[in-house]
Amino acid sequence: MGVRVSDSKTISVIGESDLLVIPADYIAYLKRLSVSNGATALATIQIIYYNGTSKKTVMTLKVATGETIVLKEDELPLEACPTKIAVSTDQQPIVVDYSVELS
Amino acid sequence: MGEYFFFYKEFNPRLKPREFIQIRGEFYEIKECRPMLPWTFKRTNITSNVELGDLREQGLKARSNEILDVRLRIDGPVKVLFRIEGAGGDVFGGWGALERYVDETAPSNLLENLIMGDAVGWLWAKIVPLVIPAWCRLKAEGYVYVVEKAGARPQTYATPAYIASAYTTTSTR
(Lines give C-alpha, C1' and ligand atoms only; values in the text may rest on other atoms or scores of the structure.)
Protein backbone atom coordinates (compact mmCIF):
# COMPACT_ATOMS: atom_id res chain seq x y z
CA MET A 1 0.00 0.00 0.00
CA GLY A 2 1.21 3.42 -0.77
CA VAL A 3 0.74 6.70 1.01
CA ARG A 4 -2.79 8.10 0.82
CA VAL A 5 -3.10 11.82 0.38
CA SER A 6 -6.36 13.71 0.11
CA ASP A 7 -7.15 17.38 -0.14
CA SER A 8 -9.75 19.84 -1.29
CA LYS A 9 -9.04 22.85 -3.45
CA THR A 10 -11.26 25.73 -4.43
CA ILE A 11 -10.18 26.95 -7.82
CA SER A 12 -11.17 30.51 -8.57
CA VAL A 13 -9.10 31.17 -11.67
CA ILE A 14 -9.99 30.22 -15.20
CA GLY A 15 -7.30 28.14 -16.86
CA GLU A 16 -4.88 25.68 -15.39
CA SER A 17 -4.10 25.24 -11.71
CA ASP A 18 -1.89 22.74 -9.92
CA LEU A 19 -3.68 20.15 -7.88
CA LEU A 20 -0.75 18.15 -6.54
CA VAL A 21 2.95 18.16 -7.24
CA ILE A 22 4.19 14.60 -6.78
CA PRO A 23 7.16 14.42 -4.43
CA ALA A 24 10.42 13.01 -5.75
CA ASP A 25 10.63 9.22 -6.15
CA TYR A 26 6.88 8.78 -5.83
CA ILE A 27 4.27 8.18 -8.46
CA ALA A 28 0.63 8.99 -7.92
CA TYR A 29 -2.53 7.06 -8.69
CA LEU A 30 -5.75 9.04 -8.57
CA LYS A 31 -8.19 7.07 -6.43
CA ARG A 32 -11.12 9.41 -5.99
CA LEU A 33 -12.13 12.73 -7.48
CA SER A 34 -15.05 15.00 -6.78
CA VAL A 35 -15.69 18.18 -8.74
CA SER A 36 -18.32 20.77 -7.80
CA ASN A 37 -19.27 23.61 -10.07
CA GLY A 38 -20.12 26.84 -8.25
CA ALA A 39 -20.31 28.91 -11.43
CA THR A 40 -23.45 29.99 -13.25
CA ALA A 41 -22.62 28.09 -16.44
CA LEU A 42 -21.63 24.59 -17.52
CA ALA A 43 -17.99 24.01 -16.65
CA THR A 44 -15.59 21.96 -18.78
CA ILE A 45 -12.89 20.60 -16.56
CA GLN A 46 -9.76 18.78 -17.66
CA ILE A 47 -7.53 16.62 -15.53
CA ILE A 48 -3.95 16.94 -16.72
CA TYR A 49 -0.99 14.70 -15.88
CA TYR A 50 2.46 16.16 -16.18
CA ASN A 51 5.45 14.04 -17.07
CA GLY A 52 8.37 16.36 -16.51
CA THR A 53 7.61 19.30 -18.73
CA SER A 54 5.28 17.45 -21.07
CA LYS A 55 1.61 17.19 -20.26
CA LYS A 56 -1.32 15.01 -21.19
CA THR A 57 -5.02 15.53 -20.69
CA VAL A 58 -6.24 12.29 -19.19
CA MET A 59 -9.86 13.19 -18.58
CA THR A 60 -12.44 15.81 -19.56
CA LEU A 61 -15.52 16.37 -17.43
CA LYS A 62 -18.61 18.50 -17.99
CA VAL A 63 -20.16 19.68 -14.75
CA ALA A 64 -23.48 21.54 -14.74
CA THR A 65 -24.16 24.56 -12.55
CA GLY A 66 -24.41 23.65 -8.90
CA GLU A 67 -23.71 20.00 -9.61
CA THR A 68 -21.10 17.69 -8.09
CA ILE A 69 -19.52 14.78 -9.95
CA VAL A 70 -17.89 12.05 -7.92
CA LEU A 71 -15.58 9.62 -9.68
CA LYS A 72 -14.36 6.48 -8.01
CA GLU A 73 -11.25 4.44 -8.64
CA ASP A 74 -12.60 2.42 -11.58
CA GLU A 75 -13.78 5.57 -13.36
CA LEU A 76 -10.45 7.36 -13.10
CA PRO A 77 -7.33 6.90 -15.24
CA LEU A 78 -5.47 3.69 -14.38
CA GLU A 79 -2.11 5.06 -15.23
CA ALA A 80 0.12 6.76 -12.71
CA CYS A 81 1.14 10.37 -12.77
CA PRO A 82 4.87 10.90 -12.29
CA THR A 83 5.26 14.64 -11.78
CA LYS A 84 2.20 16.81 -11.26
CA ILE A 85 -1.59 16.63 -11.42
CA ALA A 86 -3.24 19.78 -12.68
CA VAL A 87 -6.80 20.90 -13.38
CA SER A 88 -7.97 23.19 -16.11
CA THR A 89 -11.38 24.87 -16.01
CA ASP A 90 -13.32 27.34 -18.13
CA GLN A 91 -15.56 28.48 -15.28
CA GLN A 92 -14.96 29.51 -11.70
CA PRO A 93 -15.26 28.82 -8.86
CA ILE A 94 -14.98 25.05 -8.80
CA VAL A 95 -14.14 22.84 -5.86
CA VAL A 96 -11.98 19.77 -6.45
CA ASP A 97 -11.68 17.10 -3.77
CA TYR A 98 -9.21 14.36 -4.49
CA SER A 99 -7.65 11.34 -2.97
CA VAL A 100 -4.36 10.11 -4.33
CA GLU A 101 -2.18 7.16 -3.57
CA LEU A 102 1.53 7.83 -3.69
CA SER A 103 3.53 4.67 -4.16
CA MET B 1 1.33 -2.95 -8.79
CA GLY B 2 2.53 -6.28 -7.49
CA GLU B 3 1.56 -5.59 -3.91
CA TYR B 4 -2.12 -5.31 -4.72
CA PHE B 5 -2.71 -9.00 -5.23
CA PHE B 6 -5.40 -10.19 -2.91
CA PHE B 7 -3.30 -13.02 -1.55
CA TYR B 8 -0.15 -11.01 -1.44
CA LYS B 9 2.52 -12.63 0.61
CA GLU B 10 5.46 -10.72 1.89
CA PHE B 11 8.89 -11.36 0.54
CA ASN B 12 10.68 -13.39 3.17
CA PRO B 13 14.44 -13.43 3.69
CA ARG B 14 16.10 -16.44 2.11
CA LEU B 15 18.86 -16.78 4.66
CA LYS B 16 18.87 -16.67 8.41
CA PRO B 17 21.72 -16.00 10.84
CA ARG B 18 24.11 -18.97 11.24
CA GLU B 19 23.43 -20.15 7.71
CA PHE B 20 26.09 -20.13 5.02
CA ILE B 21 26.33 -18.98 1.45
CA GLN B 22 28.90 -19.54 -1.24
CA ILE B 23 29.91 -16.55 -3.29
CA ARG B 24 32.68 -16.72 -5.86
CA GLY B 25 34.05 -19.86 -4.32
CA GLU B 26 34.25 -18.41 -0.82
CA PHE B 27 32.01 -19.33 2.08
CA TYR B 28 30.31 -16.72 4.18
CA GLU B 29 28.33 -17.01 7.37
CA ILE B 30 25.23 -14.88 7.79
CA LYS B 31 25.64 -12.89 10.97
CA GLU B 32 22.61 -10.68 10.76
CA CYS B 33 19.58 -10.28 8.55
CA ARG B 34 17.57 -7.11 8.44
CA PRO B 35 15.19 -5.42 6.01
CA MET B 36 16.79 -3.08 3.56
CA LEU B 37 15.62 0.47 3.29
CA PRO B 38 13.96 0.72 -0.11
CA TRP B 39 15.93 2.22 -2.94
CA THR B 40 14.00 4.26 -5.47
CA PHE B 41 14.85 6.01 -8.65
CA LYS B 42 12.55 8.12 -10.81
CA ARG B 43 13.10 9.64 -14.20
CA THR B 44 10.46 11.66 -16.07
CA ASN B 45 10.05 13.01 -19.58
CA ILE B 46 12.05 10.24 -21.23
CA THR B 47 12.13 10.85 -24.96
CA SER B 48 14.93 8.52 -25.99
CA ASN B 49 16.90 5.61 -24.58
CA VAL B 50 18.48 6.47 -21.25
CA GLU B 51 21.62 4.66 -20.24
CA LEU B 52 21.42 4.70 -16.51
CA GLY B 53 24.61 2.74 -16.42
CA ASP B 54 25.88 1.26 -13.24
CA LEU B 55 23.15 1.32 -10.59
CA ARG B 56 25.81 1.43 -7.88
CA GLU B 57 26.30 5.03 -8.90
CA GLN B 58 22.60 5.62 -8.28
CA GLY B 59 22.95 4.23 -4.77
CA LEU B 60 22.03 0.57 -5.19
CA LYS B 61 25.08 -1.00 -3.63
CA ALA B 62 26.13 -2.95 -0.60
CA ARG B 63 28.96 -2.64 1.86
CA SER B 64 31.81 -5.12 1.48
CA ASN B 65 30.58 -7.27 4.38
CA GLU B 66 26.96 -7.17 3.27
CA ILE B 67 24.81 -8.97 0.76
CA LEU B 68 21.73 -7.24 -0.53
CA ASP B 69 18.89 -9.54 -1.49
CA VAL B 70 16.80 -7.21 -3.61
CA ARG B 71 13.65 -7.45 -5.60
CA LEU B 72 13.18 -4.82 -8.24
CA ARG B 73 9.96 -3.31 -9.38
CA ILE B 74 9.49 -1.23 -12.48
CA ASP B 75 6.71 1.30 -12.97
CA GLY B 76 6.05 3.28 -16.09
CA PRO B 77 5.59 2.87 -19.84
CA VAL B 78 9.13 1.68 -20.44
CA LYS B 79 11.14 -1.44 -20.76
CA VAL B 80 14.39 -1.69 -18.91
CA LEU B 81 17.45 -3.56 -20.06
CA PHE B 82 19.17 -4.95 -17.00
CA ARG B 83 22.64 -6.34 -17.07
CA ILE B 84 23.52 -8.41 -14.07
CA GLU B 85 27.21 -8.65 -13.44
CA GLY B 86 28.28 -12.26 -13.39
CA ALA B 87 24.93 -13.64 -14.47
CA GLY B 88 26.12 -14.66 -17.90
CA GLY B 89 28.22 -17.49 -16.58
CA ASP B 90 31.85 -18.25 -17.05
CA VAL B 91 33.00 -16.97 -20.40
CA PHE B 92 36.34 -16.65 -22.04
CA GLY B 93 38.52 -14.23 -20.15
CA GLY B 94 36.25 -13.74 -17.20
CA TRP B 95 32.73 -13.79 -16.02
CA GLY B 96 30.01 -12.64 -18.38
CA ALA B 97 27.02 -10.51 -17.77
CA LEU B 98 23.42 -11.35 -18.54
CA GLU B 99 21.19 -8.85 -20.26
CA ARG B 100 17.43 -8.98 -20.26
CA TYR B 101 14.63 -6.61 -21.14
CA VAL B 102 11.87 -6.39 -18.57
CA ASP B 103 8.90 -4.12 -18.11
CA GLU B 104 6.43 -3.45 -15.34
CA THR B 105 4.58 -6.71 -16.00
CA ALA B 106 7.60 -8.68 -14.79
CA PRO B 107 6.81 -10.09 -11.37
CA SER B 108 9.26 -8.87 -8.79
CA ASN B 109 10.14 -12.40 -7.69
CA LEU B 110 11.71 -12.87 -11.11
CA LEU B 111 13.72 -9.72 -10.63
CA GLU B 112 15.46 -10.82 -7.50
CA ASN B 113 19.19 -10.88 -7.19
CA LEU B 114 22.01 -10.79 -4.72
CA ILE B 115 24.48 -7.96 -4.62
CA MET B 116 27.56 -8.32 -2.49
CA GLY B 117 29.87 -5.42 -1.79
CA ASP B 118 30.59 -3.38 -4.86
CA ALA B 119 31.97 -6.22 -6.97
CA VAL B 120 29.47 -9.07 -7.07
CA GLY B 121 26.09 -9.08 -8.77
CA TRP B 122 25.80 -5.38 -9.39
CA LEU B 123 23.33 -4.09 -11.92
CA TRP B 124 23.54 -1.96 -14.99
CA ALA B 125 20.41 -0.61 -16.63
CA LYS B 126 19.15 1.10 -19.73
CA ILE B 127 15.65 2.55 -20.01
CA VAL B 128 13.88 2.23 -23.34
CA PRO B 129 10.65 4.25 -23.62
CA LEU B 130 7.58 2.47 -24.99
CA VAL B 131 5.75 5.75 -25.58
CA ILE B 132 7.21 9.20 -25.87
CA PRO B 133 7.45 10.92 -23.48
CA ALA B 134 7.71 8.11 -20.96
CA TRP B 135 8.57 7.98 -17.30
CA CYS B 136 10.09 5.31 -15.17
CA ARG B 137 10.35 4.54 -11.53
CA LEU B 138 12.54 1.74 -10.24
CA LYS B 139 12.24 0.45 -6.75
CA ALA B 140 14.34 -2.12 -4.93
CA GLU B 141 13.26 -3.70 -1.70
CA GLY B 142 14.63 -6.60 0.21
CA TYR B 143 17.00 -7.66 2.90
CA VAL B 144 20.53 -7.00 3.99
CA TYR B 145 22.57 -9.97 5.16
CA VAL B 146 25.63 -9.02 7.15
CA VAL B 147 28.21 -11.70 6.44
CA GLU B 148 31.57 -12.85 7.65
CA LYS B 149 33.95 -15.13 5.82
CA ALA B 150 33.76 -18.69 7.18
CA GLY B 151 36.95 -20.38 8.32
CA ALA B 152 36.19 -23.73 6.72
CA ARG B 153 33.79 -25.24 4.23
CA PRO B 154 30.42 -25.57 6.00
CA GLN B 155 28.34 -28.73 5.70
CA THR B 156 25.43 -26.99 4.07
CA TYR B 157 25.41 -23.73 2.25
CA ALA B 158 23.36 -21.83 -0.29
CA THR B 159 24.74 -21.65 -3.81
CA PRO B 160 23.08 -18.71 -5.49
CA ALA B 161 22.93 -18.99 -9.24
CA TYR B 162 25.48 -16.99 -11.20
CA ILE B 163 27.61 -15.77 -8.33
CA ALA B 164 28.44 -18.90 -6.34
CA SER B 165 31.28 -20.15 -8.49
CA ALA B 166 34.83 -19.05 -8.23
CA TYR B 167 36.21 -17.08 -11.09
CA THR B 168 39.37 -15.32 -12.02
CA THR B 169 39.59 -12.21 -14.12
CA THR B 170 42.83 -13.49 -15.57
CA SER B 171 41.59 -16.78 -16.97
CA THR B 172 44.17 -18.46 -19.17
CA ARG B 173 41.86 -20.95 -20.85
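A residue counts as exposed when its relative accessible area is over 50%, as buried when that area is under 20%, and as partly exposed in between. The exercises below apply this to a predicted model.

**Exercise 1.** Decide for Arg63(B) and for its salt-bridge partner Glu66(B) whether each is buried or exposed.

*Solution.* Begin with the pair itself: Glu66(B) and Arg63(B) form a salt bridge in which the closest N and O atoms are 3.1 Å apart. Next take Arg63(B), whose relative accessibility is 56%, so that Arg63(B) counts as exposed. Then take Glu66(B), which has a relative accessible area of 7% and is therefore buried. Finally, place the pair in its surroundings: Arg63(B) and Glu66(B) belong to a network of salt bridges that also links Glu32(B) and Arg34(B).

**Exercise 2.** Describe two further salt bridges of chain B, and say where in the chain the partners lie.

*Solution.* Over all chains the count is 16 salt bridges, and one of them joins Glu112(B) to Arg14(B), with the closest N and O atoms 2.6 Å apart. This pair links distant parts of the chain, since Glu112(B) is in strand S7 (residues 112-116) while Arg14(B) is in the segment before S1, 98 residues apart. As to accessibility, Glu112(B) is buried at 19%, whereas Arg14(B), at 53%, counts as exposed.

The second bridge runs between Asp75(B) and Arg137(B), whose closest N and O atoms are 2.8 Å apart. Asp75(B) lies in strand S4 (residues 66-75) and Arg137(B) in strand S9 of chain B, so the bridge ties together parts that are 62 residues apart in sequence. Here Asp75(B) and Arg137(B) are both buried.

**Exercise 3.** Classify the aromatic pairs that a search of the whole structure finds.

*Solution.* The search gives 2 aromatic pairs over all chains. For Phe27(B) and Tyr157(B), the ring centres are 4.8 Å apart and the planes stand at 65°; because planes over 60 degrees apart count as edge-to-face, this pair is edge-to-face. Phe27(B) sits in strand S2 and Tyr157(B) in the segment after S9 of chain B, so that the pair links distant parts of the chain, 130 residues apart. Of these two residues, Phe27(B) is buried with a relative accessible area of 11%, while Tyr157(B), at 24%, counts as partly exposed.

For Trp39(B) and Phe41(B), the centres are 6.4 Å apart and the planes at 10°, and since planes under 30 degrees apart count as stacked, the pair is stacked. Trp39(B) is buried at 7%, and Phe41(B), with 10% relative accessibility, counts as buried too.

**Exercise 4.** Locate Arg24(B) and say which backbone oxygen its side chain reaches.

*Solution.* Arg24(B) is placed in the loop between strand S1 (20-23) and S2 of chain B. Its relative accessibility of 19% means that Arg24(B) counts as buried. The side chain of Arg24(B) reaches the backbone oxygen of Ala119(B) at 3.4 Å.

**Exercise 5.** Characterise the contact between chain B and chain A, and work out which strand gives the most to the chain B side.

*Solution.* The contact is made by 14 residues from chain B and 18 residues from chain A. About 1200 Å² is buried between the two chains, and carbon and sulfur atoms give 46% of that area. Between the chains there are 0 salt bridges, but 10 residue pairs are in polar contact. On the chain B side, strand S2 (26-46) and strand S9 (134-149) each supply at least two residues, and S2(B) gives the most, with 5 residues. The chain B side divides into 6 nonpolar, 3 polar and 5 charged residues.

Note on methods: Residues numbered from 1 in each chain as written. Chains lettered and ligands numbered in written order. Predicted model: local features only at pLDDT ≥ 70, side-chain atom pairs only at ≥ 80, totals over all residues. Heavy atoms only, no water. Contact = heavy atoms within 4.5 Å. Buried area = accessible area lost by both parts, 1.4 Å probe. Salt bridge = Lys/Arg side-chain N within 4 Å of Asp/Glu carboxyl O. Polar contact = N/O pair within 3.5 Å; in protein donor to acceptor, adjacent residues only side chain to side chain. Helix = DSSP H or I, 4+ residues; strand = E, 2+ residues; numbered from the N terminus. Nonpolar A, V, L, I, M, F, W, Y, C, P; charged D, E, K, R; others polar. Phe/Tyr/Trp six-rings, centres within 6.5 Å; stacked < 30°, edge-to-face > 60°. Buried < 20%, exposed > 50% of the residue type's maximum accessible area, 1.4 Å probe, protein only.
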